Amino acid sequence: MGPPHELDDEARTLLSGERAALEAGLADAEHAVDDVRRARSDADADDEHDPEGSTLSQQWSHTHGLVVSLRERLAENAAAVARLDAGTYGVCVRCGQPVGAARLGARPSAALCVACASR
Ligand SMILES: [Zn+2]
């Protein structure tokens, strides 16, 4: 195989590195969600009107939001691996134009070219 195969290997390496980082971040974020949930139920047991309650709500929505966005990015990563397997990696899923090497280097799981992503 020629250069395209080498590019696929590189993409696969980038994607598996990204996935490992996302999974580690997700594990941390899920722990944080559990901690906040536990703290909240303790706070509720003590006093429903505890001023700490609103801080904990903010913490919960922040950590929960982080979990949601990391899960979305893991799904994007899995979809990029599937495109790699299908031979369509690096092609914009919307317009069919190349996503671009610079963009893929910065964000290996990018599904859209710059033009489509900014639309
Ligand atoms: Zn596009």
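Start by selecting Cys92: with a relative accessibility of 3%, this residue counts as buried. Keep in mind as you click around that you're looking at a predicted model.

**Stop one: the zinc ion**

Now add the zinc ion to your selection, along with Cys95, Cys113 and Cys116. Together with Cys92, these cysteines are the protein donors of the zinc ion, each offering its SG atom at 2.3 Å. What is the geometry of the site? The angles among the four donor atoms run from 106 to 117 degrees, and the site is tetrahedral. For a yardstick, four tetrahedral donors have an ideal angle of 109.5 degrees.

Colour the donors along the chain and you'll see their spacing, C-x2-C-x17-C-x2-C. Next, pick out Cys95 and Cys113, a pair that links distant parts of the chain, 18 residues apart. Cys95 sits in the loop between α2 (52-86) and α3 (101-106), while Cys113 is in the loop between α3 and α4 (114-117).

Switch on a surface and look at that pair again. Is Cys113 buried or exposed? Cys113 is buried, since its relative accessible area of 8% falls under the 20% cut-off. Cys95, on the other hand, has 36% relative accessibility, so it counts as partly exposed.

With these cysteines on screen, you might go looking for disulfides. A disulfide is a covalent bond between the sulfur atoms of two cysteines. Going by a cut-off of 2.5 Å between the sulfur atoms, the count here is zero.

**Stop two: residues 92-116**

Select the whole stretch 92-116. UniProt, in an unreviewed entry, labels these residues "zinc finger region: dksA C4-type". Show the cartoon: this stretch is 36% helix and 0% strand. Its end C-alpha atoms lie 8 Å apart.

**Stop three: the largest pocket**

Time to move on to the largest pocket, which has a volume of about 280 Å³. To find its centre, select Leu7, Ala11, Tyr89, Ala101 and Leu104, the closest to that point of the 13 residues lining the pocket. Two elements, α1 (3-46) and α3, each give two or more residues to the lining. Which of the elements gives the most? That's α1, with six residues.

**Last stop: Ala101**

Zoom in on Ala101, which you'll find in helix α3. At 69% relative accessibility, Ala101 counts as exposed, because the cut-off for that is over 50%. Finally, draw a distance from Ala101 to Ala11, C-alpha to C-alpha: they are 10.0 Å apart in space, with their positions 90 residues apart in sequence.

Terms used
Residues numbered from 1 in each chain as written. Predicted model: local features only at pLDDT ≥ 70, side-chain atom pairs only at ≥ 80, totals over all residues. Heavy atoms only, no water. Donors = N, O, S within 2.8 Å, 3.2 Å for Na, K, Ca; no water. Tetrahedral: all angles 85-135°; square planar, octahedral: opposite > 155°, others 65-115°. Helix = DSSP H or I, 4+ residues; strand = E, 2+ residues; numbered from the N terminus. Buried < 20%, exposed > 50% of the residue type's maximum accessible area, 1.4 Å probe, protein only. UniProt positions renumbered as here; feature names shortened; annotations may be inferred. 1 Å grid on protein atoms, 1.4 Å probe; cavity = no way out; pocket = protein on both sides within 12 Å on 5 of 7 lines; lining within 4 Å. Points joined across faces, edges and corners; volume = space filled by probe spheres on them.
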